[in-house]
Amino acid sequence: MKTVAASQSNYIPWKGYFDIINDSDEFIICDEVQYTRCDWRNRNILYFHGQKKWITLPCGNNLKRTIDEVRFSESIPWQQKHWEMIKLAYKKAPFYNIYSPFFEDVYLGKKWEYLSQLNVYLIKHIANVFLKIPAIITDSRSYQTHGTASERALSLLKSAKADRFVSGPAAKNYIKQNEFEEAGIEIIWKDYSGYPEYKQLHTPFIHEVSILDVLFNTGADAPYYVWDWRKKNNS
């Protein structure tokens, strides 16, 4: 049985994104679809001095692009700024020194031209190296797809030879579940409720922040707060 999940790439996503990756044998990134503004593709949330703080990549306002076509605005020196924001938000976190060299290199040691390239690089390293998730992370352009929305998702899963599909609840708005069942593909709707709290640098506790918050505050225990807590609850 092969379990597959698929999603557009997000910028330093929240823990739920990595929870779904961990549920899958293969996680397919679908960045050849329409780019959307004011979305998770190019921004996320830091817990900054007791407040939610958006950290946003400069991608312009052109909506006539797919995600993998989006280039960063050359006139805005964002890399240094983003590293300074992350450092200011988390330099006092207990595990900051473990992960900061990687992120410092991402922002100060490399030059990024495309949104998708940055997102995928961060997602793969965080998932496979920091969280030690064994799932393979692939590109939807490696598969044959057709149609739009539900039809496209189904054709992707058939091409990937999936038996199960893990999806966030938002996809219920367009997925035609009966067509997946007729194709022999079981849909597992992800439940994001019940995540345990951990010690953040500020109060009150906030769940909807970037995975950076989990890493810097919990270190090697991060997998517990993303998915392993369910084992304890189910034992």
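## The second largest pocket

In this predicted model, the second largest pocket is lined by two stretches of residues, with R71, F72, S73, E74, I76, P77, W78 and Q79 among the lining residues, and with K111, W112 and E113 also included there. The space within the second largest pocket comes to about 190 Å³. Sorted by class, its lining has 5 nonpolar, 2 polar and 4 charged residues.

## The largest pocket

The largest pocket holds about 940 Å³ of space. Its lining is made up of 36 residues, of which A6, S7, Q8, R41 and Y174 are the closest to the centre of the pocket. By class, the lining of the largest pocket has 21 nonpolar, 10 polar and 5 charged residues.

Several elements take part in this lining, and at least two residues each come from β1 (3-7), α1, α5 (149-159) and β6 (164-167). Among the contributors, α5 gives the most, supplying 5 residues to the lining of the largest pocket.

## Helix α3

Helix α3 covers residues 96-109, and its 14 residues should span 20 Å at 1.5 Å a residue, which agrees with the 18 Å that separates its end C-alpha atoms. The helix nevertheless has a kink of about 25°, centred on F102, and F102 is also one of the buried residues of α3.

The other buried residues of α3 are Y96, Y99, S100, F103, V106 and Y107. An α-helix has 3.6 residues a turn, so residues three or four places apart point the same way. The partners against which the buried residues of α3 pack are α2 (78-90), α4 (115-130) and α7 (211-218).

## Helix α7

How many of the residues of α7 are buried? The count is 8 of the 8, so helix α7 is largely enclosed by the rest of the structure. The buried residues are I211, L212, D213, V214, L215, F216, N217 and T218, a set that includes D213 and N217 alongside residues such as I211 and F216.

The cover over these buried residues includes the helices α1 (15-23), α2, α3, α4 and α8 (222-234), together with the strand β3 (43-48). Helix α3 is thus named in the cover of α7, just as α7 is named among the elements that the buried residues of α3 pack against. Just after α7, the backbone at G219 takes a positive phi of about 60°.

Terms used:
Residues numbered from 1 in each chain as written. Predicted model: local features only at pLDDT ≥ 70, side-chain atom pairs only at ≥ 80, totals over all residues. Heavy atoms only, no water. Helix = DSSP H or I, 4+ residues; strand = E, 2+ residues; numbered from the N terminus. Expected span 1.5 Å × (residues − 1). Bend = angle between axes of the 7 residues up to and from the residue. Buried < 20%, exposed > 50% of the residue type's maximum accessible area, 1.4 Å probe, protein only. Contact = heavy atoms within 4.5 Å. 1 Å grid on protein atoms, 1.4 Å probe; cavity = no way out; pocket = protein on both sides within 12 Å on 5 of 7 lines; lining within 4 Å. Points joined across faces, edges and corners; volume = space filled by probe spheres on them. Nonpolar A, V, L, I, M, F, W, Y, C, P; charged D, E, K, R; others polar.
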